Amino acid sequence: MATRAETTIPRRRSRAASSWLDRNIRWILVAPSIVLVLALTIFPLGFAIWASFVQYDFSLGLDHPWVGLDNYKENWSDPVWVHSLWVTAALAAVMVAVELALGFLLALAMMRPFPGRRALTVLFVIPLFMSPVIVGGFFDLFLRRPFGPMNWLLGQLLGHPVTIDFTNDSPWTYISLIIADAWQWTPFMFVILLAGLAAIPDELYEAADLDGAKPRQSFFFVTLPLLAPIVLIAVTFRFIDATKLFDIIYSLTRGGPGTDTYTSSYYLYQEGFELFHLGQGTAGSLMLMVMLTFISFWLVRRLLKPVEA
Amino acid sequence: MSEDIHEGFDGAEPSLFGTPIGRKDFLFDSAKLLAAAAAAGPFYLAAEQADAAIEASTSLTAGDPIALSAVNAAKQFKGITLTKTNESGLQALDDHNFTGPLWEKLTGIKVKVIESPFAQIYSKVIAEHIAGTGGIDVIDGSPVWMPDFAEQKVIDPVDSYISKYKAQATLNDYHPLYRALMKYKGKTWGFFDDGDVWNLYYRKDIFGNAKLKAAYKAKFKRDLRVPRTWDEFTETSQFITDQMAPKVYGGGEGRGLGNPGNQFYFFQQFRARGGRFFNPSTMKAEINNEIGVKAMQSIMAEVKASAPGIEKLSFVDSWVNWLQGKTAMIYAWPPTGRISENYAQRDKAFNFLPKSKIVGKVGYALMPQLNGEHAGSFVKMVSADSKNKEAAYLFAQWATSPSISLQRVQLPYTLRDAYRISHYKSKQFRSRWPAAGEYLKALADAANNAVLDPIMTGAADYANALDRAMTAIYAGKDIQAGLDDTAKEWDRITNKLGVAKQKASYALFLKLPGSTSQNTVAKRGQAVKISA
């Protein structure tokens, strides 16, 4: 039989443990996510920052001496990197503009009920679920001369033979990339804008109608202002995503001809993972991250402006 | 390599067929053989080769001592798994279907294959080395990468194992070109395993066509012949295209970026025309000089004489055109000769290629101006991070031994090509199709006159810069400007890697047979003479 002292000590201990648990439960609950964030985000980021300041290059040796800003300078002295930044910015801007315009038109068309509207909406959204590599491969087969059917289709439409090298001749390479990207991502714009349009109360249009507004005026003074925050959200997400363009480049043009369609991501992939200039690659990716952070910051500020006002 | 090893292997055939047998037995055996072949279908040939390989690895009398010693020593490592790299697709089928299962059957050691596209083997191996996983035991990689791998301690030298297992004799059986590619800075870093020199394959029926010959003579005042210079090649190629397109085009090598790599085309012609990559004293790139521009102009003329869209085609696409009879000449790797005769297509793995419509119509010749490119190829190397180095070495020794490699280079479904003197002389290989003897002689001649890819540190960077520059030139960029930009990029790479270091590396490369057209195996007086 246990003595009184023996029974009270465990009780005290369990009370102490329980009280410790109460005090620290919040830390225990968040600990797994903190560990995950540290392991999968903070550590790789710290490692990347370190790698960008040391010699981390397979061709030069793997003993990692400190090189300061040399990796950053090496990128800027490479004309391909500078070119890739321009290509990235231009492609992202044009792609997002095209997708926004097409997505908006589609969303407007889908606002009015008509037979088969639901089925069409589902069809429009399907490309979103496809891997970009598959999309690139598909367009490669579709556009590639002489086997792809695109030239034949254009020839049938125009009534004379067409021999455009869509994946090898400028500016067709850029146009091909924009078409492939727009085919996949216009549905993203379409879905967001459709939701935005559907959320605008009918009363506002009725009020505008009573005030004698014409459809054009309703569009510019009711639809557009109310849709602007949604548009900004869609553009922000798509622009950030478009600046990371890699998969379609990889499977459609491989950055060619020459380095014409090298985006920053494709350049960094090649430097880092094909040629193993890891220091230079990580320096480039950090610079790209800083640039994107500034752009995102600016876009988010624009996004929050109406709320703050 | 002593002659008796390959003679011993080829000698296996007379022992099978040389025994006197009666008519009844002969008919019965033939029926059994036919039934077995029908049952085995496309794998019949591989099964025959597997039997030969097992006999060579186990028979004390008819066996191959190099294979035998490797198998016997490797049995002590029974139960382990060796992980090796290989090019994805057909190359890896060798490991999956033939070499891997046989090695396991003989030694109890499993072989696991990590497949990746050719260029990515390089990055995969480096990634594993940096991570220090020890996840790769045998590196099946290009000799071009060997200097980088050796310098960064990715691979281990194998000289001590070669001495231990008395495998020196096997090295003498290698063609001198390939023997040189196993060494770097005086050490041996693996066993060479794929004779990848380009040859010119041409349509005998087209070059023998009376009407075409008459038209050629009328236009050029000389006889139509298989081209012997690059200028003649582009001229003949364009002439055939003018006369026969769109049914047949003069030439048709795939020029897609990285597939196989346009740098090979430039490296080949540039050296054949007398060029050298760098000034050995200053290490300034010389690819943009007059010779480089001429080589590039000639390549552009080839592209013009080829089927439309060639700029984006891979070498497999080129094969499809060739097999369908749409190309009069093609210069490519040795499997071209085998697929032309439908030798490879008997295996279902080759179903992606059409059956050849040009069987018996294909001739083999040296490249114009003699120097074919040694493009890519493989050496089996032992990873410095491997936990099973000795077993990895023994696998490499066995797989590349005269008798086993002879079977592997004959496998219909893989792309490994003859590289040993015993391969070229093999009676078995020579019986595979009527012109197989001529084919093997052509491969040996090609190796005698071959020029090598630059085998030096930074090779992957130089190749990448040139490959993408060439696609820009195909798309319309001025040749001189394109080559000037590439030369600048090469200089930038050299400066980054260190001029002194690169100078030393290039000096080592220049000592290799095939580094320039003036330094081929033939020019050194080491040519291997093989009869057809």
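# Why these labels?

User: What makes helix H5 (residues 65-74) of chain B mostly covered?

Analyst: Seven of its 10 residues are buried. They are B:Pro65, B:Ile66, B:Ala67, B:Ser69, B:Ala70, B:Val71 and B:Ala74. A residue gets that label if 20 or more other C-beta atoms, placed from the backbone, lie within 10 Å of its own; with 12 or fewer it is exposed, and in between it is partly exposed. Helices here are DSSP runs of H or I with at least four residues, strands are runs of E with at least two, and both are numbered from the N terminus. One caveat: this is a predicted model, where local features need pLDDT of at least 70, side-chain atom pairs count only at pLDDT 80 or more, and totals for chains, interfaces and linings use all residues. Residues are numbered from 1 along each chain as its sequence is written, while chains are lettered from A and ligands numbered from 1 in the order in which they are written.

User: How do you know whether B:Ser505 is buried or exposed?

Analyst: Count the neighbours: B:Ser505 has 25 C-beta neighbours inside 10 Å, so it goes down as buried. The residue sits in helix H26 (residues 499-510) of chain B. Beyond its neighbours within four places in sequence, B:Ser505 is in contact with B:Pro147, B:Met456 and B:Thr457, a contact being two C-beta atoms within 7 Å. B:Ile455 is 50 residues away in sequence from B:Ser505, yet their C-alpha atoms are 8.5 Å apart.

User: Why is chain A called more spread out than a compact globule?

Analyst: The globule rule (2.2 Å times the number of residues to the power 0.38, with the radius of gyration taken over C-alpha atoms) sets the yardstick. For 309 residues the rule gives 19 Å, but chain A comes out at 28 Å, well over that, so the label follows. Its C-alpha trace spans about 100 × 70 × 45 Å along the principal axes, and 32% of its residues count as buried. As for make-up, chain A has 12 helices and zero strands.

User: And how does the radius of gyration of chain B fare against a compact globule?

Analyst: It agrees: chain B has 23 Å, and a compact globule of 532 residues would be near 24 Å. The C-alpha trace of chain B spans about 65 × 60 × 40 Å, and buried residues make up 57% of the chain. There are 26 helices and 13 strands in it.

User: What makes a set of residues a nonpolar core, and which residues touch the most other members of the largest one?

Analyst: Members must be buried Ala, Val, Leu, Ile, Met, Phe, Trp, Tyr or Cys, joined through C-beta atoms within 7 Å. The largest core has 165 residues, and B:Phe266, B:Phe395, B:Trp398, B:Leu443 and B:Ala447 touch the most other members. Helix H24 (residues 459-474) of chain B gives the largest share, 11 residues. A separate core of 37 residues includes A:Trp81, A:Ala180, A:Trp185 and A:Ala234.

User: Why are the buried residues of H2(A) said to line one face?

Analyst: Take the directions from the helix axis to the C-beta atoms and look at their arc. The buried residues of H2(A) fall within 100 degrees, so they line one face of the helix. In helix H2 (residues 70-77) of chain A, they are A:Asn71, A:Glu74 and A:Asn75.

User: What makes A:Phe276 and B:Ser377 stand out in the backbone?

Analyst: Most residues other than glycine have a negative phi, and most peptide bonds are trans. A:Phe276, however, has a positive phi near 55 degrees, and B:Ser377 has one near 70 degrees. A:Phe276 lies in the loop between H11 and helix H12 (278-308) of chain A, and its 26 C-beta neighbours inside 10 Å make it buried. B:Ser377 lies in the loop between strand E11 (373-374) and strand E12 (379-383) of chain B; with 23 such neighbours, it counts as buried too.

User: Which peptide bond leading to A:Pro171 is called cis, and what is its omega?

Analyst: The bond from A:Ser170 to A:Pro171, with omega near 0 degrees. A:Pro171 is in the loop between helix H6 (150-158) and helix H7 (172-199) of chain A. The bond from A:Gly256 to A:Pro257 is also cis, with omega near 0 degrees.
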